[in-house]
Amino acid sequence: MSEATPHFTYEDDPALPGWKRWTLTDPTRFNALLGPLWVRMEQGHARVRMLPERRHSNLGDNVHGGALLGFMDVALFAAARAHGLLDVGPAVTLDLAAQFIGAGRLDAPVEAEIELLRETGRLIFLRGLIVQGEARIASFSGTVRKFGKR
């Protein structure tokens, strides 16, 4: 099943059963730097997956903290979409707080496990953990502000 807004596609990925591929339709925007993302719901929380590449690395050959911060920010929106809270109209990040607790490797998927804390009329409060396999890489929380339909 494929769903599209003017800015994103959100469709089943036949190569990854149970996952939806969440893609910005304009490849010249920042999100494209992260590469493709996949999303699925698991036991009340959203899981967002990114495949790190060399372009996401730091000089220590780990995933760069800036790449992880960008992933966290974009993952908030992917998770809000998976929770059914964003489908049309723009939204913005109001805040994002992060704590790095480990290094991310380039040879395995990085995933954000994101829970919805609360939704109000215009605000979505989320909290997440960046993991790679069993390793915990970072924790984060953020607030997204929804705007009305245009």
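Student: In E4, which residue is the bridge partner of Arg21?

Tutor: In this predicted model, E3 and E4 pair in the antiparallel sense over 3 bridges. Arg21 belongs to strand E3, residues 20–24. Its bridge partner in E4 is Trp38.

Student: Which residue stands opposite Arg21 on the side of strand E2?

Tutor: Strand E2 covers residues 8–12 and pairs with E3 in the antiparallel sense, over 5 bridges. The residue that stands opposite Arg21 of E3 is Glu11.

Student: Along strand E3, which side chains point to one face and are buried?

Tutor: The side chains of E3 alternate along the strand. Arg21 and Thr23 point to one face and are not buried. The other face carries the buried side chains, namely Lys20, Trp22 and Leu24.

Student: Lys20 meets Asp12 in a salt bridge; which residue of the pair is buried and which is partly exposed?

Tutor: The side chains of Lys20 and Asp12 meet with an N to O distance of 2.8 Å. Asp12 has a relative accessible area of 40%, so Asp12 is partly exposed. The relative accessible area of Lys20 is 16%, which is under the 20% limit for a buried residue. The partly exposed residue is therefore Asp12, and the buried one is Lys20.

Student: How many salt bridges does a search of the whole structure find?

Tutor: Side chains of opposite charge can pair when their charged atoms come close. The pair of Lys20 and Asp12 is one salt bridge, and Glu42 with Arg40 is another, with the closest N and O atoms 2.6 Å apart. A search of the whole structure finds 12.

Student: How many residues apart in sequence are the parts that Arg49 and Glu111 tie together?

Tutor: Arg49 and Glu111 form a salt bridge whose closest N and O atoms are 2.6 Å apart. Arg49 lies in strand E5 (residues 45–50) and Glu111 in strand E7 (residues 110–119), so the pair ties together parts whose separation in sequence is 62 residues.

Student: Which residues are linked in a network of salt bridges?

Tutor: Arg49 and Glu111 form one salt bridge, and both residues are buried. Arg40 and Glu42 form another; Glu42 counts as buried at 16% relative accessibility, whereas Arg40, at 28%, counts as partly exposed. The linked residues are Arg40, Glu42, Arg47, Arg49, Glu111 and Glu113.

Student: Which element gives the most to the largest nonpolar core?

Tutor: This core has 33 residues, and those that touch the most other members are Trp22, Val48, Phe71, Ala112, Ile114 and Ile130. Elements that give two or more residues to the core include strand E4 (37–42), strand E8 (123–132) and strand E9 (135–146). Helix H2 (65–82) is also among them. With 12 residues, the element that gives the most is H2.

Student: What does Trp22 touch, not counting residues up to four places away in sequence?

Tutor: Trp22 is among the core residues that touch the most other members, and its side chain points to the buried face of E3. With residues up to four places away not counted, Trp22 touches Phe8, Thr9, Tyr10, Asn31, Leu37, Val39, Val74, Phe77, Ala78 and Arg81.

Student: A polar contact joins the side chain of Thr143 to that of which residue?

Tutor: Thr143 is found in strand E9 and is buried, with a relative accessible area of 6%. Among the residues it touches are Val92, Leu123 and Phe125. The polar contact has a length of 2.9 Å, and the partner of Thr143 is Asp95.

Student: The side chain of His56 reaches the backbone oxygen of which residue?

Tutor: His56 lies in the loop between E5 and H2, and at 2% relative accessibility it counts as buried. His56 is in contact with residues including Leu34, Met50, Asn62 and Ala67. At 2.9 Å, its side chain reaches the backbone oxygen of Leu33.

Student: Which element of the chain has the lowest mean pLDDT?

Tutor: The chain averages a pLDDT of 91, and 93% of the residues score at least 70. Where pLDDT is low, the predicted coordinates should not be read in detail. E8 has the highest mean among the elements, 98. The lowest mean, 48, belongs to strand E1 (residues 2–4).

Methods. Residues are numbered from 1 along each chain as its sequence is written. This is a predicted model: local features need pLDDT of at least 70, side-chain atom pairs count only at pLDDT 80 or more; totals for chains, interfaces and linings use all residues. Side-chain values use heavy atoms; hydrogens and water are left out. A salt bridge is a side-chain nitrogen of Lys or Arg within 4 Å of a carboxyl oxygen of Asp or Glu. Buried means under 20% relative accessible area, exposed over 50%, partly exposed in between (1.4 Å probe, protein chains only). Helices (H or I, at least four residues) and strands (E, at least two) are DSSP runs, numbered from the N terminus. A nonpolar core is a set of buried Ala, Val, Leu, Ile, Met, Phe, Trp, Tyr and Cys residues joined through side-chain atoms within 4.5 Å. Contact means heavy atoms within 4.5 Å. pLDDT is the predictor's confidence in each residue, from 0 to 100. Two strands pair if DSSP finds at least two bridges between them. A polar contact is a pair of N or O atoms within 3.5 Å; within protein, one must be able to donate a hydrogen and the other to accept it, and residues adjacent in sequence count only if both atoms are side-chain atoms.
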